[in-house]
Amino acid sequence: GCASDGGSGGGGGGDDLITVGFAQTGSESGWRSANTESLKTALSEENGFKLVFNAADNKQEAQIAAVRSFINQGVDAIVIAPITVDGWDDVLTEAKDAGIPVILEDRTVSASDDLYASWVGLDFEKEGETAGTWVKDNFDGQAQNLVVLEGTTGSSAALDRATGFDKAIEGTDINVLDSQTGDFTRDGGKKVMEGFLQKYGNQINILFAHNDDMGLGALDAITAAGLVPGQDIKIVTIDAVHDGMQALADGKFNYIVECNPLLGEKVADLVKKVVAGDSVEKREIVPDQSFDQDQAKEALPTRPY
Ligand code: AHR
C-alpha cells in the first residue's frame with residue numbers, strides 16, 4: 001500500500017488525526033447497524049481518527065460516488081463495505097493513483113487485489129454451507145420442499161452463501177421450489193415470502209433466509225397465512241443478531257449461522273498500519289459459530305448486539 005502524507009490529510013480534520021472515509025452499504029439490517037456502530041466506535045477521535053461516514057442506501061452508484069468524493073477530499077484512507085462484487089475497477093484505480101490506501105470490510109469485490117490494501121470479513125461460502133449441512137442432516141430423505149430468500153443481488157454475501165448452501169444440499173432429495181431476493185431487509189423478506197405462500201400454499205416445508213431480517217419479515221407472512229413458523233415451516237437464517245436469536249430462543253426459527261459484524265477494531269488497526277506504510281495481510285477472515293434453539297437461549301443474555 002501507499003501511505004499518504006502521514007495523517008494530516010484534507011477533509012478539514014484535526015492535524016494529528018487520521019482522516020478516514022467510510023463508505024457503508026446502507027442501513028438494511030440489524031447486522032448492518034451493529035457493523036456501523038462497531039466501525040464508528042473504533043474510528044473515533046479518541047482513537048486518533050476523523051471519520052467521514054457515508055451510507056449509500058444499498059445503491060452501488062451512490063456508494064461509488066461517495067468513494068470518489070473521499071478521493072477528492074484527500075482523505076488519508078478509505079474503508080468500503082462493497083454493496084456488490086462488480087463495478088469497482090475504475091474508482092479503486094483512481095484511489096490508487098491518488099495514493100490513498102483502501103481497506104475493504106465485510107464483503108469482497110471481483111477487482112484485482114492489487115487495487116486495495118487489505119480485506120477483513122467473513123467466510124460467506126462457509127456460512128451458506130453450514131446452513132445447508134443443517135438442512136441436509138435434518139431433512140434429507142424426507143422429500144421436503146424449500147424456498148430461499150436471497151440477499152442483495154450481486155453482493156458477495158448473497159452469491160457465496162448460495163454457492164455454499166447449494167454445495168451442501170447437492171445429492172439430497174431436498175426440492176428447491178423457489179429462490180428470490182428480499183434485499184436483506186425485513187420488508188423484502190415479508191413481501192417475497194407472501195408471494196411464495198400464495199404460489200405454493202402449504203407445500204413449503206423449509207425456509208432458508210440469507211439473513212435474520214428477511215427471516216423475521218417472513219414470520220409475519222407465515223403467521224398471516226395461518227401457519228406456525230418453526231413447526232409448519234422450519235427456518236434457517238444467517239447473522240445471529242439479537243432479534244434473530246430471540247426468534248430462535250422462542251422456537252420461531254430453528255437454526256442460525258452467525259455472521260460477526262464487530263469488525264471495527266480490526267479495520268482501525270489495518271488503517272493505522274497502511275497509513276504508517278507498514279505491511280498488512282491481504283485477507284483476514286473472522287470466524288463464525290452457529291446456534292440451535294437451546295444454544296440461543298443460553299447465548300442470548302450475553303450477546304453484545
Ligand atoms: O454482508 C453481510 C450481510 O449484509 C449480512 O448478513 C446482512 O444482514 C447484511 O445486510
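These are my notebook entries on what I looked up in this structure, which is a predicted model.

**Entry 1: the record**

I began with UniProt. Its unreviewed entry places the feature "domain: Periplasmic binding protein" at residues 21-278. I then looked at how the chain is built over residues 21-278, and found 44% helix and 20% strand. The end C-alpha atoms of that stretch are 20 Å apart.

**Entry 2: the sheet that holds S1 to S5**

I traced an open sheet of 6 strands in the order S2-S1-S3-S4-S5-S11, and its pairing is parallel. At the edges I found strand S2 (49-55) and strand S11 (283-285), each of which pairs on one side only. On average, neighbouring strands of this sheet are turned by 15° against each other, if direction is ignored.

I wanted to see how S11 is attached. Strand S5 (residues 118-121) and S11 run parallel and are joined by 3 bridges. If you would like one pair to look for, take valine 120, whose bridge partner in S11 is glutamate 284.

**Entry 3: the sheet that holds S6 to S10**

My next stop was an open sheet of 6 strands in the order S7-S6-S8-S9-S10-S12, and here the pairing is mixed. Strand S7 (175-181) and strand S12 (290-291) stand at its edges with a single partner strand each, so one side of each has no neighbour in the sheet.

Which way do the strands around S10 run? S9 and S10 run parallel, joined by 4 bridges, while S10 (residues 255-258) and S12 pair in the antiparallel sense over 2 bridges. I noted a residue pair on each side of S10. Isoleucine 238 stands opposite valine 257 in S10, and isoleucine 256 stands opposite phenylalanine 291 in S12.

I also checked where the side chains of S10 go. Tyr255 and Val257 point one way, Ile256 and Glu258 point the other way, and all are buried. Helix H8 (residues 242-249) lies across S9, S10 and S12, and runs at about 150° to S10.

**Entry 4: around the ligand**

I turned to the ligand and counted its surroundings: 13 residues, the closest being Ser29, Trp31, Ala157, Phe184 and Asn211. What kinds of residue make up the shell? I found 5 nonpolar, 2 polar and 6 charged. Helix H1 (30-42) and strand S9 (234-239) each supply at least two residues of this shell.

**Entry 5: two positive phi angles**

Phe184 made me look at the loop between S7 and helix H6. Phenylalanine 184 is found in that loop, and its phi is positive, about 65°, although it is not a glycine. Is phenylalanine 184 buried or exposed? It is buried, because 28 other C-beta atoms lie within 10 Å, and 20 are enough to count as buried.

Aspartate 183 has its place in the loop between S7 and helix H6 (186-200) too. The phi of aspartate 183 is near 60°, again a positive value in a residue other than glycine. With 24 C-beta neighbours inside 10 Å, aspartate 183 counts as buried.

**Entry 6: two residues of helix H4**

I picked valine 135 in helix H4 (residues 124-139). Why does valine 135 count as buried? I counted 22 other C-beta atoms within 10 Å, and the cut-off is 20 or more. Setting aside residues up to four places away in sequence, valine 135 touches Leu146, Ile169, Ile174, Ile206, Phe208 and Val236. I followed one of these contacts further: valine 135 and isoleucine 174 are 39 residues apart in sequence and 8.5 Å apart in space, C-alpha to C-alpha.

Glutamate 129 lies in helix H4 as well. Glutamate 129 is buried, with 21 other C-beta atoms within 10 Å. Leaving aside neighbours within four places in sequence, I found glutamate 129 in contact with Gly164, Phe165, Lys167 and Ala168. I also looked up its distance to methionine 193: the two are 64 residues apart in sequence and 22 Å apart in space, C-alpha to C-alpha.

Key: Residues are numbered from 1 along each chain as its sequence is written. This is a predicted model: local features need pLDDT of at least 70, side-chain atom pairs count only at pLDDT 80 or more; totals for chains, interfaces and linings use all residues. A residue is near a molecule or strand if its C-beta atom, placed from the backbone, lies within 6 Å of it. Ala, Val, Leu, Ile, Met, Phe, Trp, Tyr, Cys and Pro count as nonpolar, Asp, Glu, Lys and Arg as charged, and the others, Gly among them, as polar. A residue is buried if 20 or more other C-beta atoms lie within 10 Å of its own, exposed if 12 or fewer, and partly exposed in between; C-beta atoms are placed from the backbone. Two residues are in contact if their C-beta atoms, placed from the backbone, lie within 7 Å. Two strands pair if DSSP finds at least two bridges between them. Axes are lines fitted to C-alpha atoms, for helices over the stretch in contact, and angles run from 0 to 180 degrees between N-to-C directions. UniProt positions are given in the numbering used here, feature names are shortened, and annotations may be inferred rather than shown by experiment.
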